[in-house]
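Reader: I should like to examine how the descriptive terms are justified for this structure. May we take them one at a time?

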Amino acid sequence: MAKAFFRLQKFLRRTQFLLFFLTAAYLMAGSLLLLQRTRLVIHQGLRGTSATQALVVPDEMTGVGIADPRALQNPRPGPRLLVGMDALQEPALDQRHSPRWLVSRNSELRQLRRRWFHRFISDQEPMQTAGFKAMKHAAEHKGTYMGCFTDDSRERTLKGAVFYDLRKMTVAHCQEACAERAYTYAGLAYGAECYCGNTLPATAAKPEECNSECKGEKGSVCGGVNRLSVYRVEELRAGARRRRNVIYRGCFRAPENLTDTFPASLIQPNLTVEMCSEFCSKKEFPLAVIQGQECYCGYPTGRFSLRDGTDGLRCSGTRNTSSAAEGKYCLVYQTPVQDTRCTDRKFLTTKSKVFVALSSFPGAGNTWARHLIEHATGYYTGSYYFDGALYNKGFKGEKDHWRSRRTICVKTHESGKTEIEMFDSAILLIRNPYKSLMAEFNRKYAGHLGYATDRNWKSKEWPDFVNSYASWWASHVLDWLKYGKRLLIVHYEDLKQSLIPKLKEMVEFLNVTVTEDRLLCVENNRDGNFKRSGAKQKDFEPFTQEMKDLINKYILTVDEALRGRNFTGLPREYVPR
């Protein structure tokens with residue numbers, strides 16, 4: 001009996017251990033399966049969701065402006081504090097009234113931004129070659145694929161026009177852009193860059209070296225690292241016309257020797273503007289110059305700078321032989337070809353010893369100034385913030401850390417002692433507050449290139465915007481005058497009117513030497529990609545008398561502060577309306 005009981009006890013102990021083991025194994029298997037499914041869902045979610053959509057915004061940060069989709073595209077927070085009317089009686093606004101608007105400086109937002117950058121940067125890395133076996137050169141693309149070629153920025157043949165779209169670039173988009181400008185070939189690199197030209201690159205590369213997926217089209221190849229996927233552009237589909245955007249530049253005195261000044265020429269009976277422009281476009285020159293039956297192609301140079309235009313009536317007879325024989329004047333047209341002598345840009349090869357800010361109030365033309373500086377110096381500019389729209393248009397310094405010192409200067413809208421004293425020197429860009437306020441209001445409600453609607457202007461948002469941002473315009477300048485270590489004051493209106501002289505001052509301040517031809521190239525490409533097309537006229541005055549009184553007092557305060565620091569005062573057009 002005791003023996004039987006012992007056997008039963010031993011059996012139960014073994015069964016208990018077995019049940020425990022089976023239960024543990026079951027739980028472990030279930031956990032592993034759950035983890036695997038979770039990773040799969042997260043992976044698919046990240047691939048199917050844009051970087052901005054994938055951000056998780058904490059509740060405590062909703063007051064910083066990050067939950068707004070516009071703020072995700074350009075996290076430019078708004079002001080929190082206003083300068084009271086009482087402060088206007090003082091010669092300078094007190095520091096405690098300065099709009100401490102950049103709440104994103106807190107550590108939580110910094111961590112969030114870093115995670116976003118890491119995810120965005122990792123998305124930009126070229127995919128492994130093995131993953132491109134299923135890639136296609138897309139039969140739906142109209143052009144003929146010519147092959148993979150090496151891309152040397154110093155000896156690039158496809159340089160007639162350059163486009164960037166680091167989110168939506170496709171082969172068809174690049175081909176269409178080049179076809180509209182009458183180019184023969186379209187080349188794509190890095191998955192997001194498009195180059196146009198009329199000559200094939202000289203050196204072919206192995207097909208597998210073009211291994212970057214197009215950012216806007218999965219399964220299609222858009223070149224690689226220093227590699228171009230080149231297509232021969234076909235004629236546009238029926239109903240679509242080439243964009244012959246030939247621009248009349250004016251009537252100019254002809255140089256003494258046209259043949260020496262311009263590298264290409266054509267003599268054609270019954271010469272027309274379209275014939276000359278077509279010829280110069282094929283030769284990849286941005287200028288078409290007509291004198292009688294002669295067509296010349298070239299660039300703006302020191303010998304022919306396009307600065308001294310004359311009365312158009314003096315060119316009224318340039319099409320007949322009697323006036324052509326005199327050789328005094330010529331007609332100048334801008335072809336669709338981009339002047340590429342100043343489009344090459346790069347990061348600084350060594351860290352800059354001087355940390356320079358490009359500071360301005362929002363809407364004062366900071367992006368335009370960055371465009372000019374980058375093309376004049378050949379170096380990227382950085383930014384205290386990240387603006388995806390700017391990055392997608394070729395401002396590659398947007399993604400670089402603002403304190404890397406790999407950029408020639410850093411964009412900032414900061415004010416306040418701590419933020420300003422981080423910089424060794426600064427270019428302080430000032431614009432008429434009336435124009436700045438309107439430009440920033442347009443950007444806030446319609447993006448970099450759009451216009452706010454009449455409904456926006458007539459709503460309560462506009463007076464609230466003026467009441468807060470007008471004080472920010474003043475305090476921004478006053479803070480930089482008070483705490484800035486070494487300043488170059490640049491007025492937007494002066495830069496616009498006298499581009500080359502003012503740009504020379506800015507370049508010299510940055511301690512960079514540039515050639516005259518490069519500056520002329522910048523002048524030829526002065527507008528860049530972020531100029532609103534014309535001024536949208538409103539049939540009403542957006543500024544009430546109360547708004548004008550407020551802004552005018554700030555203008556007088558800033559003007560007095562500038563003169564007190566031995567700078568030139570504000571331009572006359574700032575004077576109260």
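Reader: What makes both faces of strand S3 covered?

Author: On one side of S3 stand Tyr 185, Gly 187 and Ala 189, on the other Ala 186 and Leu 188, and all are buried. Buried means under 20% relative accessible area, whereas exposed means over 50% and partly exposed lies in between (1.4 Å probe, protein chains only). Five of the five residues of S3 (185-189) meet that limit, so the strand is described as mostly covered. Strands are DSSP runs of E with at least two residues, helices are runs of H or I with at least four, and both are numbered from the N terminus.

The model is predicted: local features need pLDDT of at least 70, side-chain atom pairs count only at pLDDT 80 or more, and totals for chains, interfaces and linings use all residues. Residues are numbered from 1 along each chain as its sequence is written, and side-chain values use heavy atoms, with hydrogens and water left out.

Reader: Why are S3 and S4 said to pair?

Author: Two strands pair if DSSP finds at least two bridges between them. Five bridges join S3 to S4 (193-197), so the criterion is met, and the two strands run antiparallel. S3 and S4 form a hairpin with three residues between them, and Tyr 190 in the turn has a positive phi of about 55 degrees.

Reader: What makes S7 a partner of S3?

Author: Four bridges join S3 to S7 (227-232), again antiparallel, so this pair also satisfies the requirement of at least two. Leu 188 has Ser 229 as its bridge partner in S7 and stands opposite Cys 194 in S4.

Reader: Why is Asp 151 called buried?

Author: Asp 151 has a relative accessible area of 8%, which is under 20%, and therefore it is buried. This residue is found in the loop between S1 (144-150) and S2 (161-164). Not counting residues up to four places away in sequence, Asp 151 touches Arg 156, Ala 189, Asn 226, Arg 227 and Leu 228, where contact means heavy atoms within 4.5 Å.

Reader: What makes a group of residues a nonpolar core?

Author: Such a core is a set of buried Ala, Val, Leu, Ile, Met, Phe, Trp, Tyr and Cys residues joined through side-chain atoms within 4.5 Å. In the largest one, of 45 residues, Ile 430, Leu 437, Trp 462, Trp 473 and Phe 543 touch the most other members. The largest share of this core, 13 residues, comes from H13.
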